[in-house]
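Good morning, and thank you for coming. I ask you to look at the sequence and the structure together while I speak.

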Amino acid sequence: MKSTSDLFSRLQKMMPPGVQPRFQNAQELMEWQRTEGEKRAAEVEKENRKVRTEKIFGRSGICDLHRGCTFASYQVNNEGQRHALSMAKSYAEHFGTGFASFIFSGGCGTGKNHLAAAIGNSLIKRDHSVLVITVMDLMLKVRECYDGGQSEASLLDSLCRVDLLVLDEVGVQRETRGEQVVLNQIIDRRLAAMKPVGVLTNLNHDELTNILGERVMDRLTMDGGIWVNFTWGSYRKNVTHLRVVK
């Protein structure tokens with residue numbers, strides 16, 4: 001510490017007249033170095049999480065189809081949709097103040113993916129890591145681990161490092177015991193680590209409980225977890241996409 005103070009004193013003497021040093025003493029310099037080191041370590045860890053996720057799943061974040069989804073682009077035509085939008089926006093705004101999860105339940109084309117992607121896109125802009133993945137794709141990765149003679153530990157570890165994991169099409173998968181065990185492991189492990197989970201499903205509460213079990217369902221409601229019902233019809237017939245022909 002003495003050598004640092006001596007060096008700092010010599011540097012001050014070498015400064016031209018009228019130049020104000022950024023740090024007034026060695027303690028301030030060391031505190032700045034410590035803070036900058038912590039910031040850099042956090043940046044490196046965030047980048048490592050993204051790289052690990054991309055290495056396992058081939059991508060991170062949100063698929064191309066929903067990458068442009070925002071809260072502003074969500075169409076509201078009834079009170080139910082207004083409520084769903086309000087809950088999704090509130091979830092994104094308060095993300096990080098706890099580890100609340102969310103469940104969006106409803107039929108195909110009702111906007112579950114749009115609002116989940118809007119949450120994810122909002123969080124990504126705030127430098128959070130997000131992964132939205134279908135259960136089918138997740139199970140394919142698990143089977144690849146088995147077929148390649150690899151442990152699924154690295155897969156589970158990567159899934160637990162993502163700030164927000166959204167599991168899409170829960171209930172569409174074949175209802176085998178193995179798939180239920182994997183889903184339970186992922187959700188249970190994340191919630192035990194105080195990391196939130198988003199669930200998109202066309203199942204009602206009782207049906208989802210049969211898939212995930214009462215214990216996991218109970219954990220999904222911890223810390224103010226939310227359930228939103230999407231009870232209206234499909235909007236997909238109203239959506240058009242321009243196709244570029246080369």
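Let us begin with C160, a cysteine whose relative accessible area is 12%. Residues under 20% count as buried, and C160 is therefore a buried residue. C108 offers the contrast: its relative accessibility is 57%, and because the limit for exposed residues is over 50%, C108 counts as exposed. I should say at once that this is a predicted model.

Since we are speaking of cysteines, one general remark may help. A disulfide is a covalent bond that joins the sulfur atoms of two cysteines. How many disulfides does a search of the whole structure find? The search returns zero.

I turn now to the overall architecture. The protein chain contains nine helices and five strands. Following the sequence, one meets them in the order α-α-α-β-α-β-α-α-β-α-β-α-α-β. The protein chain has 246 residues, and 39% of them count as buried. Its accessible surface amounts to about 14,600 Å², and carbon and sulfur atoms contribute 53% of that surface.

Contacts along the chain deserve a word as well. Take the contacts in the protein chain with a separation of 6 or more: 76% of them involve residues 24 or more positions apart.

My last topic is the aromatic residues. To describe a pair of aromatic rings, one gives the distance of the centres and the angle of the planes. In this structure there are five aromatic pairs. One of them joins F102 and F104, with 4.6 Å from centre to centre and 35° between the planes, a tilted arrangement. Are these two residues buried or exposed? F102 has 0% relative accessibility and so counts as buried; F104, also at 0%, is buried too.

F104 has a further partner, F230. This pair is tilted as well, with a centre-to-centre distance of 5.2 Å and an angle of 50° between the planes. Which parts of the chain does the pair link? F104 lies in strand β1, residues 102–106, whereas F230 lies in strand β5, residues 226–230. The two residues are 126 residues apart, and the pair thus links distant parts of the chain. F230 has a relative accessible area of 3%, so F230 is buried.

Finally, these phenylalanines belong to a wider group: Y91, F95, F102, F104, F230 and W232 form one aromatic cluster.

Thank you for your attention.

Conventions: Residues numbered from 1 in each chain as written. Predicted model: local features only at pLDDT ≥ 70, side-chain atom pairs only at ≥ 80, totals over all residues. Heavy atoms only, no water. Phe/Tyr/Trp six-rings, centres within 6.5 Å; stacked < 30°, edge-to-face > 60°. Buried < 20%, exposed > 50% of the residue type's maximum accessible area, 1.4 Å probe, protein only. Helix = DSSP H or I, 4+ residues; strand = E, 2+ residues; numbered from the N terminus. Disulfide = S-S within 2.5 Å. Contact = heavy atoms within 4.5 Å. Areas by Shrake-Rupley, 256 points an atom, 1.4 Å probe, with all protein chains shown as cover.
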